Amino acid sequence: MNEITTTLNDFLLHTKSSAALIINGKGKLITSLHLDYADSIAAMSSAIVSMSDKLLLDLEKGSLKQLFLKTTEGVIIGNKISGTNFIITFSKDGSNLGLLLRSTEETAAELSKNSLLK
């Protein structure tokens, strides 16, 4: 678990994101950094991921790989790690969107190598 937390922390430092969490497909929190009420956020994020994946399957557009939400106070990016595990990241600054999208995807690929997230 320490390796997962280190990877998340490195991601936050590199992208200047404010918080991150990892969830499984059942809405359970695996780990989080810098979030209050992480369990509730994990459950809500899981619902968004699940509904988005179902929408894509119903529309025959493939399976969900990455989500992007733009808010009045920043951006939220979700990226599939492996199986039903997802990383969800939060940033107050959307001006570096390309970096955030790419870094989230790269971090997800790195996390997919961890035996706890396969």
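In the predicted model, the buried residues of helix H2 are Ala 38, Ile 41, Ala 42, Ser 45, Ser 46, Val 49 and Ser 52. Viewed along the helix axis, these buried positions fall within an arc of 140°, so they line one face of H2. Their packing partners are four strands: E1 (19-23), E2 (29-33), E3 (66-71) and E5 (85-91). The face of H2 turned away from the buried side carries the exposed residues Asp 39, Met 44, Met 51, Lys 54 and Asp 58. The length of H2 was compared with the expected value: at 1.5 Å a residue, its 21 residues (38-58) should span 30 Å, and the end C-alpha atoms are 30 Å apart, which agrees. Just after the helix, Glu 60 takes a positive phi of about 55°.

One of the buried residues of H2, Ser 46, is touched by Gly 25, which also touches Thr 84, not counting residues up to four places away in sequence. Gly 25 is located in the loop between E1 and E2 and is partly exposed, with a relative accessible area of 40%. The C-alpha atoms of Gly 25 and Ser 50 are separated by 7.6 Å, although the two residues are 25 residues apart along the chain.

Strand E4 (residues 74-82) has 7 of its 9 residues buried, so the strand is largely enclosed by the rest of the structure. E4 pairs with E3 in the antiparallel sense over 6 bridges, and a hairpin of 2 connecting residues joins E3 to E4. Within this pairing, Thr 71 stands opposite Gly 74. E4 also runs antiparallel to E5, to which it is joined by 7 bridges; here Val 75 stands opposite Ser 91. The E4-E5 connection is likewise a hairpin with 2 residues between the strands, and Gly 83 in the turn has a positive phi of about 55°.

The largest nonpolar core has 12 residues, namely Ile 4, Leu 8, Phe 11, Leu 12, Ala 20, Ile 22, Leu 33, Ile 81, Ile 87, Ala 108, Leu 111 and Leu 117. Helix H1 (2-15), E1 and H3 are the elements that give two or more residues to this core, and the largest share, 4 residues, comes from H1. Leaving aside neighbours within four places in sequence, Ile 4 is in contact with Ile 22, Thr 31, Leu 111, Asn 114, Leu 116 and Leu 117. Apart from this core lies another, of 11 residues, among them Ala 19, Ile 23, Ala 42 and Phe 86. Of these, Ala 42 is also one of the buried residues of H2.

Helix H3 (residues 97-111) contains Ser 103, which counts as buried at 5% relative accessibility. Leaving aside its neighbours within four places in sequence, Ser 103 is in contact with Phe 11, His 14 and Thr 15. Of these partners, Phe 11 is a member of the largest nonpolar core.

The structure holds 3 salt bridges. Side chains of opposite charge can pair when their charged atoms come close. In the pair formed by Lys 54 and Asp 58, the closest N and O atoms are 3.3 Å apart. Both residues lie in H2, 4 residues apart, about one turn of the helix. Asp 58 counts as exposed, at 54% relative accessibility, and both Lys 54 and Asp 58 are among the exposed residues on the face of H2 turned away from its buried side.

Lys 65 forms a salt bridge with Glu 105, with the closest N and O atoms 2.7 Å apart. This pair links distant parts of the chain: Lys 65 is in the loop between H2 and E3, whereas Glu 105 is in helix H3, 40 residues apart. Glu 105 is partly exposed, with a relative accessible area of 31%.

The salt bridge between Arg 102 and Glu 106 has its closest N and O atoms 2.9 Å apart. Because these residues are 4 residues apart in helix H3, they are separated by about one helical turn. Arg 102 is exposed, with a relative accessible area of 57%, while Glu 106 counts as partly exposed at 42% relative accessibility.

Notes: Residues are numbered from 1 along each chain as its sequence is written. This is a predicted model: local features need pLDDT of at least 70, side-chain atom pairs count only at pLDDT 80 or more; totals for chains, interfaces and linings use all residues. Side-chain values use heavy atoms; hydrogens and water are left out. The expected span of a helix is 1.5 Å times one less than its number of residues. Buried means under 20% relative accessible area, exposed over 50%, partly exposed in between (1.4 Å probe, protein chains only). The arc is that of the directions from the helix axis to the C-beta atoms. Contact means heavy atoms within 4.5 Å. Two strands pair if DSSP finds at least two bridges between them. A salt bridge is a side-chain nitrogen of Lys or Arg within 4 Å of a carboxyl oxygen of Asp or Glu. A nonpolar core is a set of buried Ala, Val, Leu, Ile, Met, Phe, Trp, Tyr and Cys residues joined through side-chain atoms within 4.5 Å.
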